[in-house]
Each structure stands twice: as C-alpha cells, then as structure tokens.
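Happy to walk through this one with you. Have a look at the structure, and then we can ask how some of its labels are earned.

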Amino acid sequence: MTKHRGFPGRLPGTDFQFTVRRANKKGATAITRRERYADRRPADKRADMGFMAALWDYFGEEPFERGNLDAGRLSWLFGREVVPAEDPFDPASYEAMLRIDRRVAEASFPDIFGGDTDFGFDGFDDDGWDDE
C-alpha cells in the first residue's frame, strides 16, 4: 500500500479521517459512490471540502494511486469529483488509479479553486505513523 507522505491524516481539529495507517489484512475496503444529500451536517460538508482541497493540493490533475487514502472519505467524492483513471477499475484495490475531474470539482467546491479556503494543512507532519 502506497503511503502518501505529507498528505494530511485528518481534517485539522476534527476526527474526520483522510488516511489509514496500515493495510487491512482482509483486503482494501471497496470505494463506492455515496449520495450527498442537501441535509448533510455542515461538519460533513466541510470534511468533504477539506479532503477535496487536500487531494487537489497534493495531486492536482495528475492520476494518483489510492494507497492509504480512506475509502469512506473517497466514497463521498467518488463518481463525481474523483473518478477512475484506469479501465478496468478495481474499487477494492490499494493500487487503483484515480484522478480529479477538475470541471466537476470546481463546480462542487468553487472556494477551493478560488483560493478562499484555509484548512490549516500547512506544516502538516506525519510523524508517529508507522510503516507497517
């Protein structure tokens, strides 16, 4: 499992997880498209925005390997802002390749691309994460 060093492990000041520490012994959790309903909590919406901002800052428009990115958090963006970058796509693989669909991401999260958000990712340090 690829570990994305320097990628924030969670949304600062919250328990919203962005990465996993180690591979699941039973295999990777499948990424599935989750519906985002209008009545979601503001904290959940901010977590989606923070995760999208971290993805954009770290990967940009380049394809990226799923690696240690949290399947649950990816699932909130999957099929819209984050799409498969390979065919066939295996949603239950740590090696699955993804990419950001900038057009959709910019429409969904315009503040990220306008530079109007700060999630406190600067100076993120991943010390304490083991390499198992």
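**A buried arginine and a small set of strands**

Q: Why is R66 said to have no salt bridge?
A: In this predicted model, R66 is buried, and D70, the nearest side chain of opposite charge, is 7.2 Å away. A salt bridge needs a distance within 4 Å, so R66 and D70 at 7.2 Å do not form one.

Q: What makes the link between the R66 side chain and the backbone oxygen of P91 a polar contact?
A: The side chain of R66 reaches that oxygen of P91 at 3.2 Å. The cut-off is within 3.5 Å, so 3.2 Å qualifies.

Q: Where is R66, and which residues is it in contact with?
A: R66 sits in the loop between strand 1 (64-65) and helix 2 (71-77). Leaving aside neighbours within four places in sequence, its contacts include H4, I31, L74, Y94 and L98.

Q: How do you know that strand 3 pairs with strand 1 and with strand 2?
A: Pairing takes at least two bridges. Strand 1 and strand 3 are joined by 2 bridges, and strand 2 and strand 3 (residues 97-100) by 3 bridges, so both count as paired. F64 stands opposite L98, P84 also has L98 as its bridge partner, and V82 stands opposite I100.

Q: Why are strand 1 and strand 2 called edge strands?
A: The open antiparallel sheet has the order 1-3-2. Strand 1 and strand 2 (82-84) each pair on one side only.

Q: What makes L98 and I100 buried?
A: Buried means under 20% relative accessible area, so L98 and I100 fall below that value. They point to one face of strand 3, while M97 and R99 point to the other and are not buried.

Conventions. Residues are numbered from 1 along each chain as its sequence is written. This is a predicted model: local features need pLDDT of at least 70, side-chain atom pairs count only at pLDDT 80 or more; totals for chains, interfaces and linings use all residues. Side-chain values use heavy atoms; hydrogens and water are left out. Helices (H or I, at least four residues) and strands (E, at least two) are DSSP runs, numbered from the N terminus. Buried means under 20% relative accessible area, exposed over 50%, partly exposed in between (1.4 Å probe, protein chains only). Lys and Arg count as positive and Asp and Glu as negative; His and the chain ends are not counted. A polar contact is a pair of N or O atoms within 3.5 Å; within protein, one must be able to donate a hydrogen and the other to accept it, and residues adjacent in sequence count only if both atoms are side-chain atoms. Contact means heavy atoms within 4.5 Å.
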